[in-house]
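Thanks, everyone. I have one model to walk through today, and I will go piece by piece. Please bring up the sequence and the structure.

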Amino acid sequence: MIINICGGPIGGGGPTGGGPTDGGMPTACVGCTPSNPGPRPSDPPAGQSSDDGRWIFHCYDDGNGLKCYWFWVKFANRLVNPCGGGNVVAPPQKTPCQKTKEILENPKTKPAISFLKANSSAGGEKGVMFKADGTPSAIIQGGEHSVNFGDKSGYQGGYHNHTPTGTPMFSPGDFDQLLNFALGQGNLTVTNAYLGMVARNGMHYIIRFTGSYNDALVTFSDTDLKKYRRDYREIKKNLMDPEKNGSNYINADGSINNKGVEKLFFEITQNMNLSNKISLQRIENNGNVQSVQSINLDANNQPIPVPCS
Ligand SMILES: [Zn+2]
């Protein structure tokens with residue numbers, strides 16, 4: 001596979017090549033570390049206004065140690081490629097199915113995921129982040145219907161639970177956090193980023209970032225997210241309305257079913273301009289074996305599960 005690489009998120013000039021005044025290019029911070037990001041740059045880059053985006057702090061390991069940067073990221077808008085590098089041949093990548101199976105079968109991730117499953121029948125959300133080798137972070141205490149994973153430096157992805165009164169599908173804020181995990185992976189391994197969710201009745205899904213590094217250079221303002229949360233509730237209400245959709249998307253007890261939350265995923269990611277940049281996988285328990293299915297859309301725009309071989 002030929003992909004564009006820039007030896008890190010900074011273009012030809014390296015960490016000192018960009019700067020807060022360099023027209024929207026990422027900027028390095030000198031001497032900053034994950035636990036000590038230093039001050040956020042006080043002004044937007046030249047030509048940018050504080051209404052257009054915000055600074056985001058990220059660290060990632062490029063194989064030569066952890067590099068930390070402040071990025072200027074435009075709201076819901078892609079930056080031009082900040083990398084000035086050429087093309088290189090990337091190492092073979094594992095398929096999304098392989099990546100997810102490895103996470104599920106890793107003895108390091110299992111206890112934390114089991115803990116979150118148990119927590120999904122209680123109130124309140126909790127989360128955990130995982131490093132590339134599956135090493136978990138401490139359990140992160142969330143709110144009633146959200147978890148802020150916080151600083152994601154050094155982590156590949158995370159898992160969280162939704163609660164009995166919540167929707168058993170990723171929320172607009174969850175997609176925003178997946179983009180942050182993706183940014184933290186760097187250019188070559190951006191598609192390793194993932195987020196898992198476990199909810200009542202064994203509902204268990206994983207979203208994976210499948211876009212390019214540039215696609216991950218998107219962030220949403222609080223106003224954007226508020227709008228998308230409203231859209232999400234409206235889409236869900238329509239799907240669950242028996243007069244509009246019969247029992248297509250609901251269980252016998254009136255709760256939303258797998259097909260319903262999967263349809264909700266495709267509609268809300270389209271609203272957020274994230275179609276084809278995030279993929280969805282459903283995890284099912286067959287006895288002691290967990291099976292993974294990729295959720296695609298059929299010709300009629302209906303979710304259809306395709307088993308991982
Ligand atoms: Zn969530």
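**From the central strands outward**

Let me start with one residue pair: Asn161 sits opposite Val198, which belongs to strand 9. Keep in mind that this is a predicted model.

Those two residues take us to a strand pair. Strand 8 covers residues 157–161, and it pairs with strand 9 in the parallel sense, over five bridges. Now look at strand 9 itself, residues 194–198. Is it buried or exposed? Five of its five residues are buried, so the strand is largely enclosed by the rest of the structure. Both faces are covered. On one side you have Tyr194, Gly196 and Val198; on the other, Leu195 and Met197.

Next, the other neighbour. Strand 10, residues 204–209, pairs with strand 9 in the antiparallel sense, again with five bridges. Met197 has Tyr205 of strand 10 as its bridge partner. The two strands form a hairpin, with five residues between them. In that turn, Asn201 has a positive phi of about 55°.

Now zoom out to the sheet. What is the strand order? It reads 7-6-8-9-10-11-12-13: eight strands, an open sheet, mixed pairing. The edges are strand 7 (140–141) and strand 13 (303–307), and each of them pairs on one side only. Helix 2, residues 110–119, packs on this sheet. Helix 2 touches strand 6 (126–130), strand 8 and strand 9, and its direction makes about 25° with that of strand 8.

Further along the order, strand 11 (residues 278–286) and strand 12 (residues 289–297) run antiparallel, joined by seven bridges. As an example of the register, Arg282 stands opposite Gln293 of strand 12.

Back to strands 8 and 9. With helix 3, they make a right-handed β-α-β unit. Helix 3 has 14 residues. Its first and last C-alpha atoms are 21 Å apart, close to the 20 Å expected at 1.5 Å a residue. How many of its residues are buried? Ten of the 14, and the helix is mostly covered. Among them are Phe175, Leu178, Leu179 and Phe181, and also Gln177 and Gln185. Right after helix 3 comes Gly186, with a positive phi near 85°.

That brings us to helix 5, residues 222–239. It has 18 residues and reaches 26 Å, first C-alpha to last, close to the 26 Å expected. Its buried residues are Tyr228, Tyr232, Lys236 and Leu239. Why do they line one face? Viewed down the axis of helix 5, its buried residues fall within an arc of 75°, so they share one face of the helix. The general rule helps here: an α-helix has 3.6 residues a turn, so residues three or four places apart point the same way. The other side of helix 5 is exposed at Thr223, Lys226, Arg230, Arg233, Glu234 and Lys237.

What do the buried residues of helix 5 pack against? Three helices: helix 3 (172–185), helix 6 (242–245) and helix 7 (258–271).

Last, the overall numbers. The protein chain has seven helices and 13 strands. It has 309 residues, and 38% of them count as buried. Take the contacts with a separation of 6 or more: 61% of them join residues 24 or more positions apart.

That is the tour. Over to you.

Conventions
Residues are numbered from 1 along each chain as its sequence is written. This is a predicted model: local features need pLDDT of at least 70, side-chain atom pairs count only at pLDDT 80 or more; totals for chains, interfaces and linings use all residues. Helices (H or I, at least four residues) and strands (E, at least two) are DSSP runs, numbered from the N terminus. A residue is buried if 20 or more other C-beta atoms lie within 10 Å of its own, exposed if 12 or fewer, and partly exposed in between; C-beta atoms are placed from the backbone. Two residues are in contact if their C-beta atoms, placed from the backbone, lie within 7 Å. The expected span of a helix is 1.5 Å times one less than its number of residues. The arc is that of the directions from the helix axis to the C-beta atoms. Two strands pair if DSSP finds at least two bridges between them. A crossover is right-handed if, with the strands pointing away from the viewer, the path from the first strand over the helix to the second runs clockwise. Axes are lines fitted to C-alpha atoms, for helices over the stretch in contact, and angles run from 0 to 180 degrees between N-to-C directions.
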